[in-house]
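Welcome, and please open your viewer. This tour goes stop by stop, telling you what to select and what you will find there.

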Amino acid sequence: MTTRWTAVRVLRDRTAGRCLTAVVVSGFGTSALWLASGVWVKDLTGSDGLAALCMLAMWAPTLAGPLLGTLADRHRRRPLLVALSLFMAVLLLTLCAVDGPEELWLLYAVLFVYGAAGTVHDAAESALVAGAVDRSLLGDFNGLRMTANEGMKLLAPLAGAGLYTAYGGPGVAVLDAASFLAAALVYLSLRVREERPAPAREGGRSATAEGVRHLWADAGLRPLVLAGGVTMLCAGVSGALTYAVVEDLGHSPAYAGVLYAVQGAGSVTVGLLSGPALRRLGARRFAAYGISLLAVAVALRAVPYDPAAWACAAAVGVGLPAALIAVLTGVQQRTPGPLLGRVTATAGTLVHTPNVIGLAAGAVLVELLGHRAQLVALAVVLGVTAAVLLGQSPASADRTAARSASDASPA
């Protein structure tokens, strides 16, 4: 009853509900493009390597998260989100000109700019939500956002694949452009009061470093973000072992899709429960319990038994998003508004970059070492990470965070 009530409160809140709508609409188009861009390149060139570069082109700009996040702090967030959404809609329409291998440079360029604009967009959106939504609802909002994103991952690729089959890559690009146009209209309909950002006291690298300094100085956020990065590193390595796990179960590679669907169901569940859990446990313990559950699930993936594989997939779907939701909510609750764009983007870089490193490392290690030994080792690392997070004193962290937040806040 409590979970249902708080979820309804988020949906009934005018600002929160419309922000969530914008996330769902634009996320649908993005998820469709992620799949279609690689298939598009594969069809044009026949190269698996060139197809994989699509993901790299979209992901690479997140490495500049601290710098890009500064842009979200230099402007009012609602107008910035409207402008970015319209820009991305127009940008995507240029992909209609891609008709052969000779135009691939345009596809990669658009994907790269798309990734950079998306990093600024996510930082501005997080900052807008933190300032406009009741603080008691932030955990619920982030959980529902996770639920919506996981739902899009289940539905959008199917829609994108069908649209690609019927109309090719340009058809998917038009769909994504339309989704951003719709998101811009939703942001335009928001009624939020935003003060004009104060002129920057520092420019360039100094302004960017201000967000990094705040994140590192906050004794509550620093271990939370570092734990999130270690978790995503282990998740990347574990994800690269999925097909070895499926083979050990005696199934064809397509069986991985079944496990991903079960994992998605777990993510939807934790998204609905995260708000009440965060209020009861706090971000630190909520993340630690999620990482602990993930550690158990990763270890049991080494058991070649179908029911165990299904249970592990569901547990991974619960544990991994719990850590991510805790990090985002912690950043929103413990960061001064003028710094929120930079700190959000910096935290995103620190948490998500290790996942790509883990995927690459796992792809190499799976050929050199048995997957079972790797899974047990990953479980140990995750267990230690959760123990360290639980061992932190919340009282001392809060005292230090209160001082650092005050110091970092512009006068």
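The stops below cover salt bridges, helix crossings and a patch on the surface. Keep in mind throughout that this is a predicted model.

**Stop 1: Asp73 and its partners**

Begin by selecting Asp73, which lies in helix α4, residues 65–74. Is this residue buried or exposed? Asp73 is buried, because its relative accessible area is 9%, and the cut-off for buried is under 20%.

Now add Arg77 to the selection. Asp73 and Arg77 form a salt bridge, and their closest N and O atoms are 2.6 Å apart. Arg77 is buried too, with a relative accessible area of 12%.

Next, add Arg342. Here Asp73 makes another salt bridge, with 2.7 Å between the closest N and O atoms. Arg342 sits in helix α13 while Asp73 sits in helix α4, so this pair ties together parts that are 269 residues apart in sequence. Arg342 has 8% relative accessibility and therefore counts as buried.

With the three residues on screen, you are looking at a network of salt bridges that links Asp73, Arg77 and Arg342. How many salt bridges does a search of the whole structure find? It finds seven.

**Stop 2: helices α6 and α13**

Arg342 has already brought you to helix α13, so stay there and show all of it, residues 340–368. Then show helix α6, residues 104–132. Two packed helices are described by the angle between their axes and the distance between the axes. For α6 and α13, the axes come within 8 Å and cross at roughly 125°. The two helices are therefore oblique to each other. Turn the view to follow how α6 passes α13: the crossing is right-handed.

**Stop 3: from α6 to α7**

Keep α6 visible and select Asp122 together with Arg145. Their side chains meet in a salt bridge, at 4.0 Å from N to O. Arg145 belongs to helix α7 and Asp122 to helix α6, so the pair ties together parts that are 23 residues apart in sequence. How accessible is each partner? Arg145 is buried, at a relative accessible area of 16%, whereas Asp122 counts as partly exposed, at 41% relative accessibility.

**Stop 4: along helix α7**

Show helix α7, which covers residues 138–188. Pick out Thr165, which lies in this helix. With 68% relative accessibility, Thr165 counts as exposed. Add Ala36 as well: the C-alpha atoms of Thr165 and Ala36 are separated by 9.6 Å, with their positions 129 residues apart along the chain.

Now move to Leu185, also part of helix α7. Leu185 is exposed, and its relative accessible area is 54%. Which residues join Leu185 in a nonpolar patch on the surface? They are Leu86, Leu181 and Leu188, and the patch has about 360 Å² of accessible area together. Helix α7 gives the most to this patch, contributing three residues.

**Stop 5: helices α10 and α14**

For the final stop, select helix α10, residues 242–249, and helix α14, residues 371–391. Their axes come within 10 Å and cross at roughly 125°. That crossing angle makes α10 oblique to α14. Which hand does the crossing have, left or right? As α10 passes α14, the crossing is left-handed. If you still have the earlier pair saved as a view, bring it back: α6 passes α13 in a right-handed crossing.

Methods: Residues are numbered from 1 along each chain as its sequence is written. This is a predicted model: local features need pLDDT of at least 70, side-chain atom pairs count only at pLDDT 80 or more; totals for chains, interfaces and linings use all residues. Side-chain values use heavy atoms; hydrogens and water are left out. Patches are made of residues with over 30% relative accessible area and no salt bridge: like charges are joined within 9 Å, nonpolar side chains (Val, Leu, Ile, Met, Phe, Trp, Tyr) within 5 Å. Accessible areas come from the Shrake-Rupley method with a 1.4 Å probe; for residues, only the protein chains shown count as cover. Helices (H or I, at least four residues) and strands (E, at least two) are DSSP runs, numbered from the N terminus. Buried means under 20% relative accessible area, exposed over 50%, partly exposed in between (1.4 Å probe, protein chains only). Axes are lines fitted to C-alpha atoms, for helices over the stretch in contact, and angles run from 0 to 180 degrees between N-to-C directions. Angles under 35 degrees count as roughly parallel, over 145 as roughly antiparallel, 65 to 115 as roughly perpendicular and the rest as oblique. A crossing is left-handed if the near helix is turned anticlockwise from the far one by less than a right angle, and right-handed if clockwise.
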